[in-house]
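Reader: I am new to this structure and would like to be led through it step by step. Where should we begin?

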Amino acid sequence: MPALEPEPSPDVDIKQEDTIANGDDKPRLTEVEKKANHIASEQKRRQAIRQGFDRLTELVPGLEGQGRSEGIVLSKTVDFIKEQIEERKRLIKELEERGVVVDDKDKL
């Protein structure tokens, strides 16, 4: 039975193992590296979500300068988009009533 290596302590620099034990030349991540990568990926994902919500609060009327409740932001964004779709339909109808030919692809 092979000897178990001790877990590196958290204050040790994270380093990649040189090779896989079976002689493969591809480096493999240690458990500490995997955990660090996972944490970094999760932080990046959360930051992207926060930035998206922040951007919505800049774009959707009535959300500027308010604290951010994600539920409220999503709800008001849906309402705003629905209003914009209805306004677009109204404008297309008005154009058509005035004799303007609106291409079907522009009616979406």
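**A residue in a helix**

Author: In this predicted model, a good place to begin is Thr-77, which has its place in helix H2.

Reader: Is Thr-77 buried or exposed?

Author: A residue counts as buried when its relative accessible area is under 20%. The relative accessibility of Thr-77 is 9%, so Thr-77 falls under that cut-off and is to be called buried.

Reader: Which backbone oxygen does the side chain of Thr-77 reach?

Author: Thr-77 lies in helix H2, and Val-73 is listed among the buried residues of that helix together with Thr-77 and Ile-92. The side chain of Thr-77 comes to 2.6 Å from a backbone oxygen, and the residue that carries this oxygen is Val-73.

Reader: Which residues is Thr-77 in contact with, once its neighbours within four places in sequence are left aside?

Author: The buried residues of H2, Thr-77 among them, pack against H1. With the neighbours within four places in sequence set aside, the contacts of Thr-77 are Leu-56, Val-60 and Leu-63.

Reader: How many Å does H2 reach from its first C-alpha to its last?

Author: Helix H2 has 28 residues, and at 1.5 Å a residue a span of 40 Å is expected. The helix in the model is close to that expectation, since its reach from the first C-alpha to the last is 40 Å.

Reader: Which residue with a positive phi follows H2?

Author: Helix H2 covers residues 70–97, and the residue asked about comes after it in the chain. Its phi is near 95°, and this residue is Gly-99.

Reader: Where is the place of Gly-67, and is this residue buried or exposed?

Author: Gly-67 sits in the loop between helix H1 (31–59) and helix H2 (70–97). Exposed means a relative accessible area over 50%, and Gly-67 has 66%, so it is exposed.

Reader: How many Å apart in space are Gly-67 and Asp-54?

Author: Along the sequence, 13 residues separate Gly-67 from Asp-54. Taken from C-alpha to C-alpha, the distance between Gly-67 and Asp-54 in space is 10.0 Å.

Reader: Over which residues is the pLDDT below 50?

Author: The mean pLDDT of the protein chain is 82, and 76% of its residues reach 70 or more. One stretch has a pLDDT below 50, although it has 18 contacts in the model beyond near neighbours in sequence. Where pLDDT is low, the predicted coordinates should not be read in detail. The stretch to be treated with this care is residues 9–20.

Terms used: Residues are numbered from 1 along each chain as its sequence is written. This is a predicted model: local features need pLDDT of at least 70, side-chain atom pairs count only at pLDDT 80 or more; totals for chains, interfaces and linings use all residues. Side-chain values use heavy atoms; hydrogens and water are left out. Helices (H or I, at least four residues) and strands (E, at least two) are DSSP runs, numbered from the N terminus. Buried means under 20% relative accessible area, exposed over 50%, partly exposed in between (1.4 Å probe, protein chains only). pLDDT is the predictor's confidence in each residue, from 0 to 100. Contact means heavy atoms within 4.5 Å. A polar contact is a pair of N or O atoms within 3.5 Å; within protein, one must be able to donate a hydrogen and the other to accept it, and residues adjacent in sequence count only if both atoms are side-chain atoms.
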